[in-house]
Amino acid sequence: MNTIQGSSTEQRRRVGLVYDERMCKHYDPCDENHEECPGRILSIWNKLTSTGLTKRCLVFGAKEVDEKYISAVHTNDHVDLIKTISSNSERNDEARGYSSVYFNDGSSESAYLAAGSVVEAAEKVAKGELNSAFAIVRPPGHQAEDCKPMGFCLFNNVAIATSFLLNQKELGINKILIVDWDVHHGNGTQKMFYDDPRVLYFSVHRHDSFVFVLNGKVRHERFYPGGDNGSHIMTGSGQGLGYNINVPWLNGGCGDADYITVWNHILIPVAREFKPDVIMVSAGFDAAMGDPLGGCCVTPKGYALMLQKLMEFSSGKIVMALEGGYNLESTSNSVHACMEVLLDNKPIDESVKDDPLNSTWE
Ligand code: ZN
């Protein structure tokens with residue numbers, strides 16, 4: 001599927017959709033029930049085709065990313081690891097050296113295609129060929145750090161595309177807002193742009209701690225990826241001071257009202273001041289209702305509203321890339337709701353069912 005299809009009606013918003021089944025080649029060889037499974041992107045694609053939505057988009061297949069764009073944010077050792085891991089017979093042992101990562105014979109190709117998809121979508125949006133785009137990719141990326149894969153992420157797809165846009169001077173992109181609404185903190189993305197004032201990284205994620213007993217000792221740990229990097233006091237450094245914003249949830253159970261409150265009180269005022277040229281969305285749907293990992297309850301309408309509130313910025317130049325999201329039905333329905341926003345940008349009724357939790361106001 002490498003042809004562009006869809007409507008050419010002038011008035012319609014031109015929305016790109018990247019999908020390529022080759023990204024299903026990456027799966028956990030030791031656990032067929034692993035949450036980060038090929039069915040994630042298949043079910044999204046099936047949902048979008050069954051409702052006829054793909055016919056309204058410009059659909060294109062993935063291209064492998066040019067290595068020089070990966071090297072702008074990842075170390076050479078990291079690039080070599082992912083490039084060669086699928087031909088490495090010791091790859092299962094290698095994987096154990098990292099946190100929540102698996103490798104198989106399709107991992108290298110899938111990682112290159114995922115990053116390439118987001119770069120291509122971003123380039124087309126920056127050039128004005130598309131108004132906006134959604135890249136349905138896996139493996140996800142936002143937790144991959146400059147020097148290591150982690151948290152199901154091999155290459156940091158959104159970070160690679162962000163640095164690509166900034167480095168292609170002829171595109172005229174000088175300021176990028178990254179909105180990371182995955183339920184996990186995007187530690188990798190934060191680290192890569194921590195001192196860069198051209199990139200405003202905004203993440204809302206669970207950061208609550210829990211107590212457990214290991215080897216007879218009581219331990220405290222935070223929601224994955226743990227540690228303090230997702231804290232609200234991480235605000236950037238050097239020239240980038242003030243350009244890193246974390247909204248850490250103190251508990252699970254957050255829903256539409258909590259997210260919309262944070263949008264209205266923090267993200268939207270900040271975005272108005274920052275005036276991004278492009279918005280990249282690290283679109284994880286693991287805060288969606290019924291997700292087995294996230295423990296939150298955002299509805300498809302909630303995601304649509306969050307996205308719709310971003311449409312007033314950067315002339316609607318929004319590039320979305322799939323991150324997490326492990327309840328296949330919730331994820332597919334949420335992606336569908338977001339695609340309708342990108343295509344139609346119709347006003348959405350802002351009333352949500354509940355009030356925000358007290359911990360959200362804190
Ligand atoms: Zn996640």
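Let's start with what α9 leans on: its buried residues pack against α8 (256-274), β10 (318-322) and α10 (328-344). Before I go on, please keep in mind that this is a predicted model. Helix α9 itself covers residues 300-308, and seven of its nine residues are buried, so I'd call the helix mostly covered. If you want to find them on the screen, the buried ones are G302, Y303, A304, L305, M306, L307 and Q308.

Now let's move on to the nonpolar core. Which members of the largest core touch the most other members? They are W181, W263 and M280, out of 111 residues in that core. The largest share of this core comes from α5, with 11 residues.

M280 deserves a moment. Leaving aside neighbours within four places in sequence, M280 is in contact with V118 and A122. The same list takes in V158, A161, T162 and L165. Then come I176, L177, I178 and V179, and finally V319.

For contrast, let's look at a spot on the outside. Where does D105 sit? You'll find D105 in the loop between α4 (91-96) and α5 (107-127). Is D105 buried or exposed? Its relative accessibility is 53%, and exposed means over 50%, so D105 counts as exposed. Apart from neighbours within four places in sequence, D105 is in contact with S86 and R91. R91 is 14 residues away from D105 along the chain, and their C-alpha atoms are separated by 8.9 Å.

Let me zoom out to the whole chain. We have 11 helices and 10 strands here. The radius of gyration is 19 Å, close to the 21 Å that the globule rule gives for 362 residues, so the chain is as compact as a globular protein of that length. Along the principal axes, the C-alpha atoms fill a box of roughly 65 × 50 × 45 Å.

How much of the chain is buried? Of the 362 residues, 58% count as buried. Contacts reach across the sequence, too: taking those between residues at least 6 apart, 76% join residues at least 24 apart.

Last, the surface and the charges. The chain exposes about 14,800 Å², and carbon and sulfur atoms supply 47% of that area. As for charge, there are 33 positive and 47 negative side chains, with the centres of the two sets 5 Å apart.

That's my tour, and I'm happy to go back to any of these places with you.

Conventions:
Residues numbered from 1 in each chain as written. Predicted model: local features only at pLDDT ≥ 70, side-chain atom pairs only at ≥ 80, totals over all residues. Heavy atoms only, no water. Helix = DSSP H or I, 4+ residues; strand = E, 2+ residues; numbered from the N terminus. Buried < 20%, exposed > 50% of the residue type's maximum accessible area, 1.4 Å probe, protein only. Contact = heavy atoms within 4.5 Å. Rg over C-alpha atoms; globule rule 2.2 N^0.38 Å. Areas by Shrake-Rupley, 256 points an atom, 1.4 Å probe, with all protein chains shown as cover. Lys, Arg positive; Asp, Glu negative; His and termini not counted. Charge placed at Lys NZ, Arg CZ, Asp CG, Glu CD. Core = buried A, V, L, I, M, F, W, Y, C linked by side-chain atoms within 4.5 Å.
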